[in-house]
Amino acid sequence: MISLRDIHKTYQMGDVLVAALQGVSFSIDKGDFVAIMGPSGSGKSTVMNLIGCLDTPTSGEYVLDGVAVDQLSSNDLALVRGQKLGFIFQQYNLLPRQSALRNVEMPMIYRGVSGAERQRRALAALNLVGMGQRVDHRPNELSGGQQQRVAIARALAGSPSVILADEPTGALDSKTSIEIMELLRRLNREQGITVVLVTHEHDVAAYAARVLTMRDGQLIGDQRN
Amino acid sequence: MTTLDVHAAPEPAPVAADSILFQPITASSSGFGSLWEVVRISFGSLLANKVRSLLTMLGVIIGVASVVSLLALGNGASASITGEIEAIGTNILTISAGSQNRGPGNATAAQNLTMDDAKAIEALQLPVIGVAPQLNSSAQIVAKSADKNAQIIGITPAFQVVNNLTMQQGSFISDEHLQGANTVIVLGATLAKDLFGNGQALGQTVRINNQTLRVVGVLTPQGGSAFGSEDDRAYIPITTAQKRLFNARTPDGNGYRVGSITLSAINASDLDALQSRVSMLLRERHHLKLDGSADDFNVINQAEILGTLNTITSMMTLFLAAVAGISLLVGGIGIMNIMLVSVTERTREIGLRKAVGARSHHILMQFVVEAAVLSMTGGMIGLMLGSIIPIVVTQLGVLDAPIDLQTVGVAIGFSLGVGLFFGIYPAQRAAKLNPIDALRHE
Ligand SMILES: Nc1ncnc2c1ncn2[C@@H]1O[C@H](COP(=O)(O)OP(=O)(O)O)[C@@H](O)[C@H]1O
Ligand SMILES: [Mg+2]
């Protein structure tokens, strides 16, 4: 499903080169539930951005779902993101003036999905995450946990191959964090959806089946729970 | 595996295995189906910021409103001026005595146009309705119980044909009157009324320069023209004017002066040819050398005047519209300004849309459509507001200033152009945003 080989990512900050990733290689199978851990600045977000096709590596190979995506143009990357990936963000990133339903439908607009099918899929996804009763609510009428559920529904609705979540519980209290992680585990187990998430909390990582540990831009641990 | 309480979570709805989420997504790969949705997104965000959208449009509204009203008023004014000239006749050629650049030493040159010149022009048998020499002077007309200063115009019978004059009472100056230099006079309608009251003029006598003249006719009211009312004038045989009233003998004593000679062409298209033929004849008769010495007469071609006036009025209209166009330009800059602010404000939104699959052209489209909708709506409102003054002016009968299709087209076209031109830069900025940076934007 996901295969990274000897990935390097170097950022230029003025005259200084920052080696954010220094030869990272790993594969993730279909249906797996993977947590990436590590201290701040270790390169977790950088690797997630690469997996999420939001960025391209300086060197190395990346194959996603049979497609070599490491050298695609930014527009082709956008196409891949829309078709294969679902994103969950720490800050939810819902459109504030739109209802939960419209938020969940939004990514499908860019795939040319008809209005009727968008709505059926969005409603099914909202039901799946337990938000079926609040489809007309706007983000500011929902709690943080509820907003993150809507965001998960948005990631789910387009039937992605992988759901990517960079610190999905980072802005939530521990009780709500549990609800969200329970939901992700359910989706992984019952739907067979591949989930990759970044966290620095061991309680959160404990929900994953596999934990990758990073430090200083390198992979230093890979263990199964 | 965990110390957390797994039962704290509300139970999500169970999902059936045949859920739509397991079915392959049906999407039109072209992405054109999504363009309409992008347009809807644009409308949505404009409606979400109604006050700001309206303020942004204000510049275009004012610009288009002023372009529309100035174009309509300008076109109306120019049509009205043209109309007045055309009412006088566009087929008229007027030859007057005196050179175009008459200096102080040229006083005699001004006396050079004679009755014989007029006869010579007539002898050319040109395609004209008539050749009408005339000699004008203003004098005091004294009647029994009233007197008035008026233009006294010495004419030949051809004058009536050339100027389309009709009689209210009596008859016009005849050939007999002309031959005999008779002391007869035809009065304009207003003048007749001023001197004698309603319907009392015919057969009465008036005195001008100690000559007694008999009123043989009164003209029907002609109405005003750009050059004063013909109803205030009096007409006498040109021979009477020359010999009895105003002593218009030429300096050499052999003939009589005329003030001007008017030719009325059968076809207006002949005017230029007529002008050069008549000029040639007069130069010959006046013994002007072929070396290019100046004419001692002056030809006014009515069609030429009309053309010049048309050029002037359309230049005026264009100039006014250009000034109004500047405010449209300022309106466009206002749109660009707000669109740039809007792109910055919505950086996170743009980042999110790109992260979840929007391609550059989707974002470009969204913002270009927003700018175009802003300026087009502004243009429509401006068109409506700008039509008010021309419509009111037309209704009041001050000026006929219709809003023609061309004006509407210019207004809509310009506002759309302004929106696209000033919208494209902010939209490109938005489309180029990197989703990672955009999502991190606060
Ligand atoms: N856009 C960038 N420009 C320059 N340096 C960056 C950029 N993004 C990340 N980095 C650097 O790369 C390293 C890894 O960052 P990141 O992947 O965000 O770490 P983490 O998510 O594990 O906290 C850090 O040293 C960070 O400063
Ligand atoms: Mg990070």
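The following dialogue examines a helix pair and a strand in chain B of a predicted model.

Residues are numbered from 1 along each chain as its sequence is written, and chains are lettered from A in the order in which they are written. Local features need pLDDT of at least 70, side-chain atom pairs count only at pLDDT 80 or more, and side-chain values use heavy atoms, without hydrogens and water.

Student: At what angle do helix 9 and helix 12 of chain B pack?

Tutor: Helices here are DSSP runs (H or I, at least four residues), and strands are E runs of at least two. Helix 9 covers residues 302–345 and helix 12 covers residues 405–432 of chain B, with axes 9 Å apart. The angle, on a scale from 0 to 180 degrees between N-to-C directions, is about 25°.

Student: How is that orientation of helix 9 and helix 12 of chain B described?

Tutor: Angles under 35 degrees count as roughly parallel. The crossing of the two helices in chain B is right-handed (the near helix is turned clockwise from the far one by less than a right angle). Because of its angle, helix 9 of chain B is described, relative to helix 12 of chain B, as roughly parallel.

Student: Which residue in strand 8 of chain B stands opposite Leu187(B)?

Tutor: Leu187(B) belongs to strand 5 (residues 184–187) of chain B, where it points the same way as Ile185(B) and is buried (under 20% relative accessible area, 1.4 Å probe, protein chains only). Strand 5 of chain B runs antiparallel to strand 8 (residues 234–237) of chain B, joined by 2 bridges; pairing requires at least two. The residue opposite Leu187(B) in strand 8 of chain B is Ala234(B).

Terms used: Parallel < 35°, antiparallel > 145°, perpendicular 65-115°, else oblique. Buried < 20%, exposed > 50% of the residue type's maximum accessible area, 1.4 Å probe, protein only.
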